[in-house]
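Hi,

Here is the structure I promised to pass on. Have a look at it first, and my notes come right after.

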Amino acid sequence: MAGSPDTGTEHLFKVLVIGELGVGKTSFIKRYVHRLFSQNYRATIGVDFALKVLNWDPSTVIRLQLWDIAGQERFGNMTRVYYKEAVGAFIVFDVSRHSTFDAVVKWKNDLDSKVKLPNGKPIPAVLLANKCDQQWDGLENSPAMMDRYCEDNGFIAWFQTSAKENINIDEATRFLVENILATDSIHQSENTDANKVNLTEETDEAEGKSQCC
């Protein structure tokens with residue numbers, strides 16, 4: 001984070017977009033960043049990323065770096081490098097392919113094991129039920145069930161999304177950014193409190209040495 005009273009506040013947030021191959025991660029990012037949709041995106045190899053600049057409010061600019069992580073299992077050993085310094089994540093599954101939903105917990109566990117907030121807690125993660133314009137494959141399209149699933153597995157929320165029909169793309173992203181901002185504010189506050197404690201301890205220690213002398 002950087003800024004001054006003259007320039008306002010700027011944030012740079014790294015957000016991961018992860019999930020199985022072909023769930024629509026690239027389509028989600030292209031729709032959000034460029035307002036485009038194509039049926040013919042090639043599979044991501046390794047990692048790709050896009051930048052979206054948000055004028056969040058009159059005094060705040062957010063530079064959102066969306067990292068598109070390949071879904072192929074053979075890239076799994078590189079995810080620790082890709083996840084580094086991320087402050088939020090989308091985990092995506094394709095509602096028309098049940099197997100991609102089964103893999104969600106694997107991705108969430110991988111994420112939680114490799115990146116954490118400065119206070120040691122998991123980074124905020126939103127679950128995306130993508131391609132919701134299609135028929136759900138053997139899954140119960142039940143908000144109550146999905147709410148329970150998210151609560152049980154540490155997701156802050158879930159959204160039905162469709163890059164093709166532009167459903168909930170902006171809403172899901174805004175929700176995650178709001179949570180990242182709230183988490184960042186808490187972290188800044190904790191740092192301020194810690195500095196106050198350290199300053200008090202140093203002052204007390206200095207006074208004690210002075211009395212001894």
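Below is what I found, going from the whole chain down to single residues.

First, a caveat: this is a predicted model, so please read everything here in that light.

The overall picture: the chain has six helices and seven strands. If you walk along the sequence, they come in the order β-β-α-β-β-α-β-α-α-β-α-β-α. There are 213 residues, and 43% of them count as buried. Among contacts between residues at least 6 apart in sequence, 70% join residues at least 24 apart. The accessible surface adds up to about 11,700 Å², with 50% of that belonging to carbon and sulfur atoms.

The element I'd look at first is strand β6, residues 125-130. Six of its six residues are buried. In a regular strand, side chains alternate between the two faces of the sheet. In β6, both faces are covered: Ala-125, Leu-127 and Ala-129 are buried on one side, and Val-126, Leu-128 and Asn-130 are buried on the other.

So which strands does β6 pair with? One partner is β5 (residues 88-94), which runs parallel to β6 and is joined to it by six bridges. The other is β7 (residues 157-161), also paired in the parallel sense, over five bridges. Leu-128 is a handy landmark here, since you can find Val-92 opposite it in β5 and Phe-159 opposite it in β7. Between β6 and β7 comes helix α5 (residues 143-153), and the three elements make a right-handed β-α-β unit.

Helix α5 also turns up in the aromatic contacts. The count for the model is six aromatic pairs. One of them is Phe-101 with Tyr-149, a tilted pair with 4.8 Å centre to centre and 40° between the planes. Phe-101 sits in helix α3 (residues 98-102) and Tyr-149 in α5, so this pair ties together parts that are 48 residues apart in sequence. Are these two rings buried or exposed? Phe-101 has a relative accessibility of 10%, so it counts as buried. Tyr-149 is buried too, with a relative accessible area of 15%; the cut-off for buried is under 20%. Both residues belong to one aromatic cluster, together with Phe-93 and Trp-136.

Two aromatic rings have a charged residue over the face. Lys-52 lies over Tyr-32, at 5.1 Å from the ring centre. Arg-174 does likewise over Trp-56, at 4.2 Å from the ring centre.

Last, two backbone oddities to check when you have the model open. Glu-85 has a positive phi of about 70° although it is not a glycine. You'll find Glu-85 in the loop between α2 (79-83) and β5, and it is exposed, with a relative accessible area of 65%. Asn-168 is another non-glycine with a positive phi, this time about 60°. Asn-168 is in the loop between β7 and α6 (169-212). How exposed is Asn-168? It counts as partly exposed, at a relative accessible area of 25%.

If you only have a minute, start at Leu-128 in β6, with Phe-159 opposite it in β7, and then move on to the cluster of Phe-93, Phe-101, Trp-136 and Tyr-149.

Cheers

Notes. Residues are numbered from 1 along each chain as its sequence is written. This is a predicted model: local features need pLDDT of at least 70, side-chain atom pairs count only at pLDDT 80 or more; totals for chains, interfaces and linings use all residues. Side-chain values use heavy atoms; hydrogens and water are left out. Helices (H or I, at least four residues) and strands (E, at least two) are DSSP runs, numbered from the N terminus. Buried means under 20% relative accessible area, exposed over 50%, partly exposed in between (1.4 Å probe, protein chains only). Contact means heavy atoms within 4.5 Å. Accessible areas come from the Shrake-Rupley method with a 1.4 Å probe; for residues, only the protein chains shown count as cover. Two strands pair if DSSP finds at least two bridges between them. A crossover is right-handed if, with the strands pointing away from the viewer, the path from the first strand over the helix to the second runs clockwise. Rings of Phe, Tyr and Trp (its six-membered ring) pair if their centres lie within 6.5 Å; planes under 30 degrees apart count as stacked, over 60 as edge-to-face and the rest as tilted. A charge sits over a ring if NZ of Lys or CZ of Arg is within 6 Å of the ring centre and within 35 degrees of the ring normal.
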